[in-house]
Each structure stands twice: as structure tokens, then as C-alpha cells.
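Visitor: I would like to go through this model by asking about one place at a time. Please reason briefly and finish each reply on the item I asked for.

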Amino acid sequence: MKFRSGLHVETKVLIFFSHQNSQFCHFSQLHQFLQPFVHVSFRMSWYSLKADDLRRPRLQRTSGRSMSSHQSYQTPEMGELQRMLWTPVPCRGNVNEVWPNLYIGDLYIARNIEQLRRMGITHIVNAAAGRFHIDTGAKFYRDLPVDYYGVEADDDPKFDLSIYFYPTAKYIRAALNSPRGKVLVHCAMGISRSATLVLAFLMIYENKNLVEALKTVREHRGVCPNTGFLSQLRELDLRLTSGKGKATGIP
């Protein structure tokens with residue numbers, strides 16, 4: 001897939017406040033994301049990964065939906081889903097474990113070879129791959145025993161990320177099933193593209209509806225898919241709850 005220069009990449013401007021924690025996040029609109037680092041006028045609270053993030057208790061898998069809850073669930077309208085995303089969630093560093101052995105992170109953790117080694121990451125999904133985005137690739141990680149999977153996606157509401165939902169979910173499932181499998185899914189900010197792919201995985205393979213998936217991930221990281229991606233997740237939710245989009249053939 002080719003990308004033209006001068007590409008306009010849209011992201012939301014969000015400010016999250018926490019009564020107990022005054023740290024905040026600011027994601028400005030990005031134009032021409034041609035360089036590997038985004039220069040901002042203030043120090044972001046997630047510039048360095050805190051050691052505490054690596055010592056948190058292991059996450060536990062939650063059971064899938066019961067038949068009664070599945071039957072009573074209805075996919076929310078877009079307005080309700082968007083209101084869920086505006087619920088304040090504090091930032092918690094460059095990377096967070098949002099599901100057992102499944103992490104969402106930003107470009108800084110993706111380029112921190114030593115930190116990835118200490119975390120024991122075995123698989124990396126780059127949701128912002130490509131020449132004009134985060135151009136890492138398998139060669140960048142040649143000194144790490146990791147498997148690389150690239151998705152050339154724009155953080156643009158008009159971009160169709162849904163075509164990658166099933167292939168990426170299948171890759172994540174196989175990676176988590178591998179010996180000592182630990183998967184990092186990242187984009188530039190770890191907020192929209194990477195989060196959308198992780199949410200789709202939870203919906204396809206972990207029997208989560210969209211609301212459950214959002215709540216599960218946002219307990220650990222303040223993700224916020226753009227409106228286009230949220231709409232695509234909603235369409236996936238409608239298909240899955242109707243039984244027309246279930247994954248088959250993969251454990």
C-alpha cells in the first residue's frame with residue numbers, strides 16, 4: 001500500500017484529569033508524520049516507562065459472556081460509545097498490559113530495544129507501519145528474538161482499518177498461544193490504531209462485546225479510537241452479536 005507525502009493524519013485532542021493524579025496527556029493534530037519522533041512543546045508524562053509498570057500483578061482472563069447477557073446485549077449507538085470514550089482515564093506510561101501478555105504502547109516503547117528485551121516481548125504488531133509513519137520493520141529488531149507484523153494504517157477516520165481486524169486478530173491469537181508469548185501492539189501514541197486492533201481481537205477471539213472490550217482495555221490505558229475506527233468496531237460488534245462474524249478454525 002502506497003502513501004503520498006503531505007498526508008493529513010487526524011487524532012483527537014484529549015485532556016485527561018485525575019483527582020488523585022495531576023498528570024495529563026495532550027495529543028495534538030498531526031500533519032505529515034514523516035519523522036520517527038513527534039516534537040511537542042511540553043514534557044509528556046509517559047516519556048519514560050516506570051519500573052512499577054513491569055512489577056504490576058499479572059492480569060487475569062475474565063470469563064466470556066453468558067448466554068443470557070449475550071441475548072440481552074444491544075450494540076450501542078455511536079453517541080453512547082463516544083460518551084464512554086470521554087470518561088477521564090489517566091495516562092499510565094508508554095506501555096500497558098491490557099490483557100494477559102498483551103500490551104498496547106506508543107512509538108517510544110516500540111523503539112526501546114532494551115526495554116522490550118526486559119519485558120520479554122516475543123511479537124510486535126506495528127499498527128503505524130510504513131515509510132511515512134513508524135518505519136521500523138523486522139530489520140530494526142534484528143537483535144531481538146521477536147516476530148514482526150506490520151499494518152500500514154493511517155489515523156484517519158476515513159481509513160478502512162477493518163480489513164485488518166481478522167488477520168491481525170489471528171496473528172495475536174497465535175502469538176499468545178506460542179511458548180512464553182508476549183505481544184506488543186503499538187502505533188504512534190498507543191491510543192487509536194493499536195487500540196482498535198486490540199479491541200477487535202478481544203471481540204473476535206475473547207468473546208467480548210464492544211462495550212466489554214472498551215471497559216477492559218480502558219481499565220489499564222486511556223485509549224480512544226477515532227470516530228471512523230469506532231464506527232468500524234461497532235459494525236464488527238453488530239456482526240459478531242448476530243453470529244455472522246465469529247472466528248473459526250483458530251484455537
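Visitor: In which loop is Ile191 found?
Guide: The model is a predicted one. Ile191 belongs to no helix or strand here, but to a loop. The elements on either side of that loop are β7 and α6.

Visitor: Is Ile191 buried or exposed?
Guide: The cut-off for burial is under 20% relative accessible area. Ile191 has 10% relative accessibility, so Ile191 counts as buried.

Visitor: What separates the C-alpha atoms of Ile191 and Val223?
Guide: Along the chain, Ile191 and Val223 are 32 residues apart. In space, their C-alpha atoms are separated by 4.4 Å.

Visitor: In what order do the strands of the open sheet come?
Guide: The protein chain has seven strands, along with eight helices. Five strands form the open sheet, and their pairing is mixed. The order is β3-β4-β7-β5-β6.

Visitor: Which strands stand at the edges of that sheet?
Guide: An edge strand can be recognised by its single partner strand, so one side of it is left without a neighbour in the sheet. From one strand to the next, the twist averages 25°. The edge strands are β3 (95–99) and β6 (147–150).

Visitor: Which residue of β4 stands opposite Trp99?
Guide: Strand β4 covers residues 102–105, and four bridges join it to β3. The two strands run antiparallel. Opposite Trp99 stands Leu102.

Visitor: What is the bridge partner of Ile104 in β7, and what is that of Val125?
Guide: β4 and β7 run parallel and are joined by four bridges. Strand β5 (residues 123–126) also pairs with β7 in the parallel sense, over four bridges. For Ile104 the partner in β7 is Val185, and for Val125 the partner is again Val185.

Visitor: Which residues of β7 point the other way from Val183 and Val185?
Guide: The side chains of β7 are divided between two directions, and the four residues concerned are all buried. Val183 and Val185 share one direction. Pointing the other way are Leu184 and His186.

Visitor: What angle does the direction of helix α6 make with that of β4?
Guide: Helix α6 (residues 193–205) packs on the sheet, where it touches β3, β4 and β7 (183–186). The angle between the direction of α6 and that of β4 is about 160°.

Visitor: How many residues of α6 are buried?
Guide: α6 has 13 residues, and from its first C-alpha to its last it reaches 18 Å, close to the 18 Å expected at 1.5 Å a residue. The helix is mostly covered. The buried count is 13 of its 13 residues.

Visitor: What phi does Asn207 take just after α6?
Guide: Asn207 lies in the loop between α6 and α7 (210–218). At 28% relative accessibility, Asn207 counts as partly exposed. Its phi is positive although the residue is not a glycine, with a value near 60°.

Visitor: Is Arg180 buried or exposed?
Guide: Arg180 is found in the loop between α5 (165–177) and β7, and its phi is positive, near 55°. The cut-off for exposure is over 50% relative accessible area. With 76% relative accessibility, Arg180 counts as exposed.

Visitor: How many disulfides does the count come to?
Guide: Cys187, at 2% relative accessibility, counts as buried. Cys224, at 4%, counts as buried too. For a disulfide, two cysteine sulfur atoms have to be within 2.5 Å. The count of disulfides comes to zero.

Visitor: Leaving aside neighbours within four places in sequence, which residues are in contact with Phe229?
Guide: Phe229 lies in helix α8 (residues 227–241), and at 0% relative accessibility it counts as buried. Its C-alpha is 6.2 Å from that of Pro157, although the two are 72 residues apart in sequence. The contacts of Phe229 are Asp154, Asp155, Asp156, Phe159, Leu161, Ser192, Arg193 and Thr196.

Visitor: For the protein chain, what percentage of contacts between residues at least 6 apart in sequence join residues at least 24 apart?
Guide: Buried residues make up 53% of the 251 residues. The accessible surface comes to about 12,500 Å², with 51% of it belonging to carbon and sulfur atoms. Of the contacts between residues at least 6 apart, the share joining residues at least 24 apart is 76%.

Notes
Residues are numbered from 1 along each chain as its sequence is written. This is a predicted model: local features need pLDDT of at least 70, side-chain atom pairs count only at pLDDT 80 or more; totals for chains, interfaces and linings use all residues. Side-chain values use heavy atoms; hydrogens and water are left out. Buried means under 20% relative accessible area, exposed over 50%, partly exposed in between (1.4 Å probe, protein chains only). Contact means heavy atoms within 4.5 Å. Accessible areas come from the Shrake-Rupley method with a 1.4 Å probe; for residues, only the protein chains shown count as cover. Two strands pair if DSSP finds at least two bridges between them. Axes are lines fitted to C-alpha atoms, for helices over the stretch in contact, and angles run from 0 to 180 degrees between N-to-C directions. The expected span of a helix is 1.5 Å times one less than its number of residues.
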